[in-house]
Each structure stands twice: as C-alpha cells, then as structure tokens.
Amino acid sequence: MRKNLNVNFAIISYMFFSSLLSGLVLVGIGSSFSLMLSERGIDVSSIAHILLATIPYSWKFAISPFIKSLILRYKSSKINVIKAIAYTTQVLVFFGFSSLGFWNEKNNFLLGAFLIFFIVLAVSIHDILRAHMKLVLFSEKDFGVVSAIENTGFRLGMFIAGACIVYIANSVGWRVAFMVPALAVWLVTIATFFANFKQKYEKICPDEPINFVKNYLKIGYNFFKTYGIIVILCIIISFKVTDSTINGLKPMFIHFLGVNRIEFANMVHLYGLITMTLAGIIAGFALSKLRLVTCIKCTFFAQAIVSLIFVYLVTYHENVPTITILVNIATFVFGFSGVVFRTFTAHISNRDVNIYTIFLSIGSLIRICSYSLAGFVVEHYSWNTLFVLCLISNIPGYIFVYTFLKKAVPQGEIANKKI
C-alpha cells in the first residue's frame with residue numbers, strides 16, 4: 001500500500017478532498033441546516049420532510065451508467081471528461097451551499113427543497129467519479145485503507161460543515177456561517193487540477209460504454225435475482241437505519257436534551273472529528289487483519305449497543321459531560337460502520353462502479369426514508385420507541401450477512417478477500 005500511496009499521491013489527495021466535499025454537504029444540510037431551522041421554530045416532522053430533497057443520494061444507481069459511459073467514451077480524447085465533470089459539480093456545490101444561510105422561515109419550503117436537491121445532485125455525481133477511481137486504480141487488498149483515507153476526508157468535511165458553521169453562526173449569523181465553509185470546495189478543485197486521471201485503468205476496466213438503460217437495468221436485475229433482494233435489503237437496512245436515524249435527528253435530539261449550540265458543536269463535531277478519524281483508522285486496520293464478515297457482525301452488535309445508549313439518554317437526561325462521552329461512543333461506532341460498509345460494497349461490486357453505486361444508492365434511499373419515518377415516530381410516539389426500532393434493525397443483517405457473502409464471492413476467492 002505504501003508504494004501505491006507514493007505512486008498515486010495526487011489521486012489519493014483528490015479522493016481525500018472529494019470525500020471532504022461529501023462530508024461538507026451531508027452534514028451542512030443534515031445537521032447545521034437542520035439546527036438552523038430547529039432554532040427558528042420549525043418542528044421535527046417538517047425538517048424531516050425538507051430533508052427528503054436529498055433524494056439524489058439514492059439516484060446514484062441511475063446516474064452512474066451515464067457517467068461511466070462518458071468516462072469510457074472519451075478516455076482517449078483530448079478532453080479530460082473526469083475533470084470537466086468534477087469542475088462543473090464543484091462550482092454548483094460552492095454557489096448552492098453558500099446560499100443555504102439565506103433560507104429562512106419566511107421562504108416557502110419548496111424553494112429550500114429545490115436548493116437542497118441541486119446541491120445533492122451535484123455532489124452525488126462527484127461521488128460517482130471518486131468511486132470509479134477507487135475501484136479501477138487500487139487493488140482489492142487496498143480497499144480498506146483507501147476507505148479509511150476517504151473516511152478521514154469525509155470526517156474533516158463534517159467538522160467544517162458542523163462545528164465551524166455553528167461557531168461562525170454564533171458570532172456573526174447563519175448567512176456568513178454557510179458562506180465561509182463553502183470555500184473548502186476550492187481545495188477539491190486544486191486537488192482535481194493536479195490529479196492525473198489519464199492512467200491505464202482500462203486494464204482493470206475494459207467495459208464498453210452502456211448505451212441503453214435497459215442493459216444496465218438488466219445487470220442490476222440479474223445481480224439481485226442471483227443473491228436475493230430481500231437478503232440484500234436486510235443487510236443494508238442493518239447497516240444504515242441506526243446510523244442514519246441517530247445522525248439525522250441528532251441536532252433535534254440534542255436540542256431536546258437542552259444542550260446549547262456551542263456545546264452541541266463541541267461534542268458532535270469538534271470531539272466527533274477526532275473520534276471519527278480514529279474510528280476510520282481502526283476500521284481500516286481491522287479490515288486488513290480480520291475477516292470482513294467478522295467486522296460486519298461487530299458493527300451490527302455495536303450499533304445495537306448504541307441504540308440502548310440513546311434509550312438511556314432519553315430516560316435519564318444526563319449532564320453535558322456524560323452526554324458528550326456517550327454521543328462520541330456512538331460517533332466512533334458509526335465511523336467504524338461507514339468504512340466497513342464501503343469496503344463491503346467495494347468487495348461485492350466486482351470493480352463495477354454501477355453495481356457499487358446501486359448499493360450506495362439503496363443505502364442513501366434507506367437513510368432518506370429513515371429521516372421522514374423517524375420524524376413521524378418521534379411526533380406520534382416517542383424518542384424511546386425510535387431507538388428501540390433502531391436496535392431491532394440490526395438483527396436481520398447479523399443473521400444473513402455470512403450467507404450472502406458466501407454467494408456473492410466465489411469460493412476460490414474467499415481466502416484472498418478475507419471474507
């Protein structure tokens with residue numbers, strides 16, 4: 001891996017800062033934007049509905065074949081299509097994200113939803129470019145370490161979009177708070193400029209461009225038919241429901257516990273950055289030493305424990321230091337889970353960015369639906385009910401994952417892939 005890092009330093013830098021961009025948008029919208037709305041008196045259910053505009057995260061499977069076709073069709077041309085797409089999406093994210101702070105309760109929800117929709121669409125396309133580079137430029141034994149590098153960049157983006165925005169908002173207001181962190185987008189632009197994407201990845205990716213959507217849909221249909229869509233959904237649900245629900249509603253939940261915005265920024269984003277980074281490093285190391293199925297089962301068990309921790313917080317309303325410790329235990333688990341999930345999808349995608357994005361899209365769809373359903377459960381039942389459902393959601397994946405991996409990975413490759 002050290003040799004790959006030296007040879008592909010520019011690519012690694014691009015993937016790091018591209019992941020930073022993803023974290024910036026995800027937390028900027030899902031946490032800081034939600035906190036801004038919550039402070040302005042908008043109820044949990046309405047905020048959850050606004051977040052449905054992040055639906056392009058779940059459309060990556062539909063966008064991916066067209067992006068891949070463009071890359072393959074123009075790989076020998078003078079036009080560097082990867083950089084052209086990257087620059088375009090970066091500009092869209094910069095201007096869209098900068099304008100989030102101008103949204104307020106006097107604007108209609110439709111305007112805010114459209115703004116979020118186009119920001120997420122742009123960053124989703126950017127994510128597909130990064131996924132393609134990961135799958136075609138690195139060996140499978142390096143996927144865990146590359147995922148850890150992505151995770152570190154992603155968490156740094158989360159910190160910028162979370163803690164930095166809240167600190168700035170506390171000093172000068174929400175408008176400037178979103179505009180200043182948006183400047184981080186240009187770090188990705190610089191990395192894109194220096195990265196050399198004109199490498200001989202066709203040796204690993206010999207596919208011809210997909211010209212018809214039906215051919216792509218057939219690939220997805222055959223995959224799900226072979227390995228069982230119910231089993232696949234159970235595994236992805238177990239990966240995503242606890243993580244998505246707790247992280248998506250965390251700003252509202254912390255506000256419910258009576259924690260102020262600065263304490264929230266410190267516990268979730270400042271300390272959380274350190275916790276998440278450490279979790280990613282440990283996950284990368286664990287994936288290189290342990291069987292993948294062991295890491296996955298540990299993830300589901302740990303997420304069940306986290307659900308119980310949040311039940312405890314609802315019941316006892318602990319003091320801020322205790323809440324900080326418990327929330328960061330959850331943050332560590334979710335950081336570990338994120339790296340394991342992306343490594344899992346990379347292993348079973350067979351280096352095809354389309355299959356890879358199908359899994360990521362399903363995960364994103366589950367996350368988005370979790371926002372809305374979680375808001376409904378809180379409004380009509382209770383926080384305790386929500387976290388008990390999170391606990392239960394980890395059980396199916398724990399039961400089915402090993403059987404699925406044995407089918408998804410040819411028997412002769414299991415030892416090499418440490419399944």
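# Notebook: burial, salt bridges and a surface patch

**Entry 1. The chain as a whole.** I began with burial and noted that 58% of the 419 residues in the chain are buried. The model is a predicted one, and I read every value below as computed from it. I then looked up the secondary structure and found 19 helices and zero strands. For the accessible surface of the chain I recorded about 17,300 Å². Carbon and sulfur atoms hold 68% of that surface. I also checked how the contacts are spread along the sequence. Of the contacts with a separation of 6 or more, 87% are between residues 24 or more positions apart.

**Entry 2. Salt bridges.** How many salt bridges does the structure hold? I found two. In one of them, the side chains of Asp127 and Arg130 meet at 3.1 Å, N to O. Both residues belong to helix H6, which runs over residues 109-137. They stand three residues apart there, about one turn of the helix. I looked up their burial as well: Asp127 is buried, at a relative accessible area of 7%, and Arg130 is buried too, at 3%.

The other salt bridge pairs Glu150 with Arg130, and its closest N and O atoms are 2.8 Å apart. This pair links distant parts of the chain, since Glu150 is in helix H7 and Arg130 in helix H6, 20 residues apart. I noted that Asp127, Arg130 and Glu150 are thus linked in a network of salt bridges. As a general remark, side chains of opposite charge can pair when their charged atoms come close.

**Entry 3. Glu150.** I returned to Glu150 for its surroundings. Helix H7, in which it is found, covers residues 143-172. Is Glu150 buried or exposed? Its relative accessible area is 5%, so I entered it as buried, the cut-off being under 20%. The side chains of Glu150 and Arg130 also register as a polar contact of 2.8 Å. Leaving aside residues up to four places away in sequence, I listed Met15, Ser19, Arg130 and Lys134 as the residues that Glu150 touches.

**Entry 4. A nonpolar patch.** I next searched the surface and found a nonpolar patch with about 930 Å² of accessible area in total. Its members are Phe301, Ile305, Leu308, Val388, Leu389, Ile392, Ile395, Tyr398, Ile399 and Phe400. Which helices each supply at least two residues of the patch? I identified helix H14 (292-316), helix H17 (383-393) and helix H18 (395-408). The largest share comes from H18, with four residues. I examined one member, Ile395, which lies in helix H18. Its relative accessibility is 44%, so I recorded Ile395 as partly exposed, a class that ends at 50%.

**Entry 5. Helix H15.** I compared the length of helix H15 (residues 320-348) with expectation. At 1.5 Å a residue, its 29 residues should span 42 Å, and the end C-alpha atoms are 42 Å apart, which agrees. Of those 29 residues, 21 are buried, so the helix is largely enclosed by the rest of the structure. After H15 comes Asn350, and I noted that its phi is positive, near 60 degrees.

**Entry 6. Two loop residues.** I looked up Thr54, which sits in the loop between helix H3 (44-50) and helix H4 (60-73). Thr54 has a relative accessible area of 4%, so I classed it as buried. Its C-alpha atom is 8.3 Å from that of Ala113, a residue 59 positions away in sequence. Not counting residues up to four places away in sequence, Thr54 touches Ile29, Ile116, Val120, Ile368 and Tyr371.

I then turned to Leu183, in the loop between helix H8 (174-179) and helix H9 (185-194). Leu183 is partly exposed, with a relative accessible area of 48%. I found 7.2 Å between the C-alpha atoms of Leu183 and Phe94, which are 89 residues apart along the chain.

How values were computed. Residues are numbered from 1 along each chain as its sequence is written. This is a predicted model: local features need pLDDT of at least 70, side-chain atom pairs count only at pLDDT 80 or more; totals for chains, interfaces and linings use all residues. Side-chain values use heavy atoms; hydrogens and water are left out. Buried means under 20% relative accessible area, exposed over 50%, partly exposed in between (1.4 Å probe, protein chains only). A polar contact is a pair of N or O atoms within 3.5 Å; within protein, one must be able to donate a hydrogen and the other to accept it, and residues adjacent in sequence count only if both atoms are side-chain atoms. Contact means heavy atoms within 4.5 Å. Patches are made of residues with over 30% relative accessible area and no salt bridge: like charges are joined within 9 Å, nonpolar side chains (Val, Leu, Ile, Met, Phe, Trp, Tyr) within 5 Å. Accessible areas come from the Shrake-Rupley method with a 1.4 Å probe; for residues, only the protein chains shown count as cover. A salt bridge is a side-chain nitrogen of Lys or Arg within 4 Å of a carboxyl oxygen of Asp or Glu. The expected span of a helix is 1.5 Å times one less than its number of residues.
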